Amino acid sequence: MRIGIFLVAAGFPGRPQGQVLRDCVEAIAVAEEAGFDDAWIAEHHFMSYGVCPSAATLAAVALGGTRTIGVGTAVSVLSTQHPVALAEQAAMLHHLSDGRFALGVGRGGPWVDLEVFGTGLARFERGFAESLDLLCRALGERTVSAAGEFFRFREVAMVPAASLRPVVACTSPQTALLAATRGLPMLLGMHMDDAGKAAMLAGYEAALPPAPGAVASPSPGADAVRHVAAVVGYVADSTAAAVRELRSAMPRWLEPGLKGYVPVDGRRRPGRDVGEYVDFLTDVHPVGDAGHCVETIRRTREVTGLEHLILMVEGAGEHARTLENIRRLGAEVLPQLHG
């Protein structure tokens, strides 16, 4: 089983934003020492929920300071940037890291980012498929051109060329269908429990195209695609202590952080009861003593078939506690999962 860490670059109150970014780089180096397979970095704009506006940039810094751990974006927001420009960045990181970089992309939301970066609401509402297809061509071919609704340009060479397959953040059956028809792996979020993840994977499996050239051959199956799922990961001396610590700390981050989602067009921002959300996260994810964490991860694997989880490790807020959490997960949880 492949286990990584997931860093939101969480802007807990009182933490200088520049220090949060530096702390993320250190956390990835510590995760490498602790035996994690990879580290994935979130991207957000204009909000304290996550203070990293360029996951690719932070990934580049982290790759430069490590030797073996994989580093990915979870995710680079595709609706607010040009797919070919993102492909160029990904190709550079792929070559400079000897293949340790993974690109995760997502549609994003109807947020003010679309206004600031000038891509507009249409790119979010109906442009994601075109953007994703252009990105895939730019990451799989030596030349690329476009003649679509949102992108029109002559053929150009991809320099440097690279062969990469992005992971797609999926929060709806529609996006899962989009990923399946292109054979791209999904990234599933922390807001889903095991049943929700299993349902998304089943929908993906059902939407997979038949094997080429076969009249009645079986589907290649979702197992052939390395999906990724994000979960909260937090270990303490007891499950009660772990739950208590996160229920005390996480609302201080989530309450102001989630308010940073500002719609671009005046639509009502979706509300969420922060206390209930934290209760959900601590109930369904590996939050507890080491044995409980191992049992929860194994149950997720059994219910969903997922072989790649990334653990959000920043829940306690304090950087020293995040590093301790990473080290304890590496020492007490990973050996039981890899044994």
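## A pair within the sheet

Leu187 stands opposite Val228 in strand E11. The model is a predicted one. Strand E10, residues 186-188, and strand E11, residues 228-232, are joined by two bridges and run parallel.

## The sheet as a whole

Strands E10 and E11 belong to an open sheet of ten strands. The order across this sheet is E4-E6-E9-E10-E11-E14-E1-E2-E3-E5, and the pairing is parallel. In this order, E10 stands between E9 and E11, while E11 stands between E10 and E14.

The edges are taken by strand E4 (76-77) and strand E5 (101-102). Each of these has a single partner strand, so one side of E4 and one side of E5 are left without a neighbour in the sheet.

## Salt bridges between distant parts of the chain

The count of salt bridges comes to 13. One of them is formed by Asp133 and Arg182, whose closest N and O atoms are 2.5 Å apart. This pair links distant parts of the chain, with the two positions 49 residues apart in numbering. Asp133 lies in helix H6 (residues 128-140), whereas Arg182 lies in the loop between helix H7 (173-181) and strand E10. Asp133 has a relative accessible area of 27%, so Asp133 is partly exposed. Arg182 is partly exposed as well, with a value of 31%.

Arg247 and Asp279 also meet through their side chains in a salt bridge, at 3.0 Å from N to O. Here too the pair links distant parts of the chain, as the residues are 32 apart. Arg247 is in helix H9 (residues 239-258), and Asp279 is in helix H10 (residues 274-284). The relative accessible area of Arg247 is 36%, which means that Arg247 is partly exposed. For Asp279 the relative accessible area is 32%, and Asp279 is likewise partly exposed.

## A network of salt bridges

Which residues are linked with Glu125 in a network of salt bridges? They are Asp265 and Arg267. Within this network, the side chains of Arg267 and Asp265 meet at 2.8 Å, N to O.

How far are Arg267 and Asp265 exposed? Arg267 has a relative accessible area of 35%, so Arg267 is partly exposed. Asp265 is partly exposed too, with a relative accessible area of 38%.

Key:
Residues numbered from 1 in each chain as written. Predicted model: local features only at pLDDT ≥ 70, side-chain atom pairs only at ≥ 80, totals over all residues. Heavy atoms only, no water. Pairing = 2+ DSSP bridges. Helix = DSSP H or I, 4+ residues; strand = E, 2+ residues; numbered from the N terminus. Salt bridge = Lys/Arg side-chain N within 4 Å of Asp/Glu carboxyl O. Buried < 20%, exposed > 50% of the residue type's maximum accessible area, 1.4 Å probe, protein only.
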